[in-house]
Amino acid sequence: MKYVIYFTGLYAPFILINISYAHDFIDDIKTSITARNYYLDRNYTEETPYPAARDWAQGFILKAQSGYTAGDVGVGLDFMAYAGFKLYGSLDYAATGLLPVNKVTNQRANNYGEIGLTAKAKIFENTTVHVGILEPKLPVLFASPARLFPQTYRGIQIQTSEIPNFHLNVIYVDRINHRDSTNYEHITLANPNKRFNQAAESSGMHEFGGEYKLTDKTELSAYYANLHDVYQQTFLGVKGKKDTQFGQLLGDMRLYISNNEGKELAGNIDNQHFSGIWGIHNSNHTFSIGYMQSFGETAVSIR
């Protein structure tokens, strides 16, 4: 939140010089309200403290995105608010990630909510800067939407498409807010399957890279990410499609290469993960086949 205050304070004089500059800021406001009812039931077949994980919750998500003020540098502000309510959550079952839970008593919160702000600026024609609460959708840093509310991060993100056919992303985050929490915490590398020496907490993470459209039907992507003093990860990807007399051939291949970095707080990390999916699309039908494999000393194969 402090970054939003600094950012907004820096650009406030430019907005106040001439209130007419704020017309686009107001006229281009977009708002949305999402109601999400989520029941999750996961049975455990192995011996665990609980026979299953079960929760039921109702959530509401309000988002408001302003436009940008006029001028060489346009500024704006995005707002989000979450409110979640417990419909069912028994002490006899493990938590599912839908609701905040007391780790000692296993008691779920009856309700919870939060408010977040993101300051933004538009520079040149196709360059934006966002500071505050972020929901990145990048190959390495990805805000998971798979629960009542999405993961969010605190940091700064720069996106630009000034170069034709090339989109660049640069992001730095220092805190994460998990899907069942309202607190921003340090980013950690979990170790539930004991493949690392230990879990590790990092001071922050940065990622940069982009996508290049080689042709209308072929896209190349490359990203580098660094979880400070824990690990570094390189991502390479290629997506393509080709028209044939049988339909449109589709392909999407991805490679992740991960190694320990800096102080190596989690110990040795050596993992290479490849995945690919290939298919054929004809009319309203798509048939595809996929393959994935992990390699390296700390790799975990998917079964």
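N260 is found in strand 13, which covers residues 247–260. In this predicted model, the side chain of N260 has two polar partners worth tracing on screen. One is the side chain of E264, with which the N260 side chain makes a polar contact at 2.9 Å. The other is a backbone atom: the nitrogen of I269 lies 3.0 Å from a polar atom of the N260 side chain. When neighbours within four places in sequence are set aside, N260 is in contact with V230, Y231 and Q232, and also with G267, N268 and I269. I269 thus appears both in this contact list and as a backbone partner of the N260 side chain.

Attention can now turn to the surface. A nonpolar patch of about 370 Å² is made there by I156, I158, V170, Y172 and F208. Strand 6 (152–160) and strand 7 (166–177) are the elements that give two or more residues to this patch. F208, another member of the patch, has its place in strand 10, residues 205–215. With a relative accessible area of 42%, F208 counts as partly exposed, because that class lies between the 20% limit for buried and the 50% limit for exposed.

A look at confidence helps in reading the picture. The protein chain has a mean pLDDT of 90, and 91% of its residues reach 70 or more. Over residues 4–8, however, the pLDDT is below 50, and this stretch has 11 contacts in the model beyond near neighbours in sequence. Residues 14–20 also stay under 50, with three contacts beyond four places in sequence. Where pLDDT is low, predicted coordinates should not be read in detail.

Conventions:
Residues numbered from 1 in each chain as written. Predicted model: local features only at pLDDT ≥ 70, side-chain atom pairs only at ≥ 80, totals over all residues. Heavy atoms only, no water. Patch = residues over 30% accessible without salt bridge, like charges linked within 9 Å, V, L, I, M, F, W, Y side chains within 5 Å. Areas by Shrake-Rupley, 256 points an atom, 1.4 Å probe, with all protein chains shown as cover. Salt bridge = Lys/Arg side-chain N within 4 Å of Asp/Glu carboxyl O. Helix = DSSP H or I, 4+ residues; strand = E, 2+ residues; numbered from the N terminus. Buried < 20%, exposed > 50% of the residue type's maximum accessible area, 1.4 Å probe, protein only. pLDDT = per-residue confidence, 0-100. Contact = heavy atoms within 4.5 Å. Polar contact = N/O pair within 3.5 Å; in protein donor to acceptor, adjacent residues only side chain to side chain.
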